[in-house]
Amino acid sequence: MSEKKLKIIGRHEKASLPEIGLQGIVVKTDTGAYTSSLHCKKAVMKDNRLICEFLNPHDDEDSVKKVTFAAFKKRKVKSSNGQMEERYSVQTKIKLGHEIYPIEVTLTDRHEMKYPMLLGRKFLNKKFVVDVSQKNSLTKN
């Protein structure tokens, strides 16, 4: 039986979310977090759709990308301060290095955080081994 070789991912990586239109986002790998999360400036329900506003990290604060999701869920998530909160969750794709992966992200306000996106264990599991001594290891290959 052959084992799948896991890729090495650094503590920070550059990623793109092509379906959302965000490029060159610096993401933090967070093995302490179960779910992956993405900064969302605003999320509103309208006509059974979720309308979200994302900030493009390379543009000024006024550069907002509006994205509408027909499919989404609500999830209960334990936030970094230990409190349970309800968040919207969407399926999308993430490009890391030369590969594109499906990913589920919860949407939350991370404007006070250093990184606009966290990659949690649910995404990392069975794909990556985290080497905390490295940064951007996937884009170097």
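Visitor: In β9, which residue is the bridge partner of Leu-96?
Guide: The model is predicted: local features need pLDDT of at least 70, side-chain atom pairs count only at pLDDT 80 or more, and totals for chains, interfaces and linings use all residues. Residues are numbered from 1 along each chain as its sequence is written, while side-chain values use heavy atoms and leave out hydrogens and water. Strands here are DSSP runs of E with at least two residues, numbered from the N terminus. Across the bridge from Leu-96, in β9, stands Glu-99.

Visitor: How many bridges join β8 and β9?
Guide: Two strands pair if DSSP finds at least two bridges between them. Strand β8 covers residues 84-96 and runs antiparallel to β9. The number of bridges in this pair is nine.

Visitor: Which residue in the hairpin of β8 and β9 takes a positive phi?
Guide: The hairpin has two residues between its strands. The positive phi, near 65°, belongs to Gly-97.

Visitor: Which residue in β9 stands opposite His-39?
Guide: Strand β3 (residues 36-39) runs parallel to β9, and four bridges join them. Opposite His-39 in β9 is Thr-108.

Visitor: How many of the 10 residues of β9 are buried?
Guide: Buried means under 20% relative accessible area, with a 1.4 Å probe and protein chains only. Strand β9, residues 99-108, is mostly covered. Its count of buried residues is seven.

Visitor: Which strands stand at the edges of the open sheet?
Guide: Three strands form this antiparallel sheet, in the order β4-β5-β6. Each edge strand has a single partner strand, so one side of it is left without a neighbour in the sheet. The edge strands are β4 (42-46) and β6 (64-69).

How values were computed
Buried means under 20% relative accessible area, exposed over 50%, partly exposed in between (1.4 Å probe, protein chains only).
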